[in-house]
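Trainee: Could you help me learn to read a new protein model? I would like to take one feature at a time.

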Amino acid sequence: MKKANRILTALIFVFLYIPMAVLIIASFNTGKNLSHFDGFTLRQYVRLFQDDSLLRLLGNSLVLSVLASFIATVFGTVASVGIHSLNPRMRKLAMTLTDIPMTNPDIVTGISLSLLFVFVGSKMLGRRDSLTFWTLLIAHITFNLPYVILNVMPKLAQQDAALRDAAMDLGCTPLQSFFKVTLYEIMPGIVSGAIMAFTMSLDDFVISYFVSGMDFVPLPVEIYSYTKKPIAPKVYAMFTLLFLLIFLLMVTMNLMQLRSERKKVKGRAL
């Protein structure tokens, strides 16, 4: 039974990562035919960094992802502390409401936010161009918040409440005890939530497609138009770099969580 489970797990991982392997190999291919590897080259990466339009789109996505993940992390951490301080029944209700956006289809969220922004912009603000960079940023913050809360809440539940009480007994104010004790204890969850929010924002297409305007276009929305015609090999190079970036972020997040768990085990042993 264990052998069968291992084989099944290996097959699942192969199925998941074969497309990425094909993409990476294609980014080093001298030819344009994905079914045949003509030779190794770095020319596609050179062409990528010479393409100002692609770099501008990539910069748009990076700026949007960094801002959205930072703001969502701040608000998500504050919201998590507030939810944690509620009584169990209200906390369960708040977490249920928080989980709904994650299970809601992206197309429903995207259309709903688009209708809201158009209504507010046209009816209340009198603007014809209702969809701008700011609507895109608000939308990304909105769907990133639940992921930050999902990562921070377990760390709040795991912390030792006696440490905060001890800090206040030693003269700290509640605010000082939060920054010196609570924030330090939940920092791995905050970092994990920020990384997850960044990755979710960087590769989002569906919601961005409905709430982005003409003044600021993120990379996934523009890449969608590339799929209607043969894709240039330099785009494969860009996808490869993005995959490596996300992969490194995920490895960093897992290592930080593992380090946090080891510290807690050592602390309990002492």
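Trainee: What share of the residues is buried?

Mentor: Keep in mind that this model is predicted. Buried residues account for 36% of the 270 residues in the protein. The cut-off for that label is a relative accessible area under 20%, while exposed means over 50%.

Trainee: How many helices and strands are there?

Mentor: The protein has eleven helices and zero strands. Reading from the N terminus on, the order of elements is α-α-α-α-α-α-α-α-α-α-α. As for the overall extent, the C-alpha atoms fill a box of roughly 70 × 60 × 40 Å along the principal axes.

Trainee: Is Leu170 buried or exposed?

Mentor: Leu170 is exposed, because its relative accessible area is 77% and the label applies over 50%. Leu170 sits in the loop between helix H7 (161–169) and H8. You can also use Leu170 to practise distances: its C-alpha atom is separated by 32 Å from that of Met90, and the two residues are 80 apart along the chain.

Trainee: Which residues form a nonpolar patch on the surface?

Mentor: Look for Leu8, Ile12, Phe13, Phe15, Leu16 and Tyr17. Together these residues have about 670 Å² of accessible area. Take Phe15 as one of them: Phe15 belongs to helix H1, which covers residues 2–27. Phe15 counts as exposed because its relative accessibility is 67%.

Trainee: Now to charged pairs. How many salt bridges does the structure hold?

Mentor: The structure holds one salt bridge. Its partners are Asp51 and Lys234, whose closest N and O atoms are 2.6 Å apart. This pair links distant parts of the chain, with the two positions 183 residues apart in numbering. Asp51 is in the loop between helix H2 (43–50) and helix H3 (52–84), whereas Lys234 is in helix H11.

Trainee: Why does Asp51 count as buried?

Mentor: Asp51 counts as buried because its relative accessibility is 13%, and the limit is under 20%. Lys234, at 23% relative accessibility, counts as partly exposed.

Trainee: Let us turn to pockets. What is the volume of the largest pocket, and which residues line it?

Mentor: In general, a pocket is open, while a cavity is a space from which a probe cannot get out. Here the largest pocket has a volume of about 380 Å³. Its lining consists of Met20, Thr199, Met200, Leu202, Asp203, Leu219, Pro220, Ile223, Phe239, Leu242, Phe243 and Ile246. By class, that lining has ten nonpolar residues, one polar and one charged.

Trainee: Which helices supply at least two residues of that lining?

Mentor: Helix H8 (174–202), helix H10 (219–226) and helix H11 (233–269) each do. H11 gives the largest share, with four residues.

Trainee: And how many cavities of 30 Å³ or more are found?

Mentor: A search of the whole structure finds one. The largest cavity holds about 40 Å³ of space. It is lined by Ser61, Leu64, Ser65, His140, Ser201, Leu202, Asp204, Ser208, Pro218 and Pro220. H3 and H8 each supply at least two of these residues, and the largest share, three residues, comes from H3.

Trainee: What is the make-up of the cavity lining by class?

Mentor: The lining of the largest cavity has four nonpolar, five polar and one charged residues. For a last exercise, find Leu202 and Pro220 in the view: both are among the residues lining the largest pocket, and both also line the largest cavity.

How values were computed:
Residues are numbered from 1 along each chain as its sequence is written. This is a predicted model: local features need pLDDT of at least 70, side-chain atom pairs count only at pLDDT 80 or more; totals for chains, interfaces and linings use all residues. Side-chain values use heavy atoms; hydrogens and water are left out. Patches are made of residues with over 30% relative accessible area and no salt bridge: like charges are joined within 9 Å, nonpolar side chains (Val, Leu, Ile, Met, Phe, Trp, Tyr) within 5 Å. Accessible areas come from the Shrake-Rupley method with a 1.4 Å probe; for residues, only the protein chains shown count as cover. A salt bridge is a side-chain nitrogen of Lys or Arg within 4 Å of a carboxyl oxygen of Asp or Glu. Buried means under 20% relative accessible area, exposed over 50%, partly exposed in between (1.4 Å probe, protein chains only). On a 1 Å grid over the protein atoms alone, a cavity is a set of points where a 1.4 Å probe fits but cannot get out, and a pocket is an open set with protein on both sides within 12 Å along at least five of seven lines; lining residues have an atom within 4 Å of a point. Grid points are joined across faces, edges and corners, and a volume is the space filled by probe spheres set on the points. Ala, Val, Leu, Ile, Met, Phe, Trp, Tyr, Cys and Pro count as nonpolar, Asp, Glu, Lys and Arg as charged, and the others, Gly among them, as polar.
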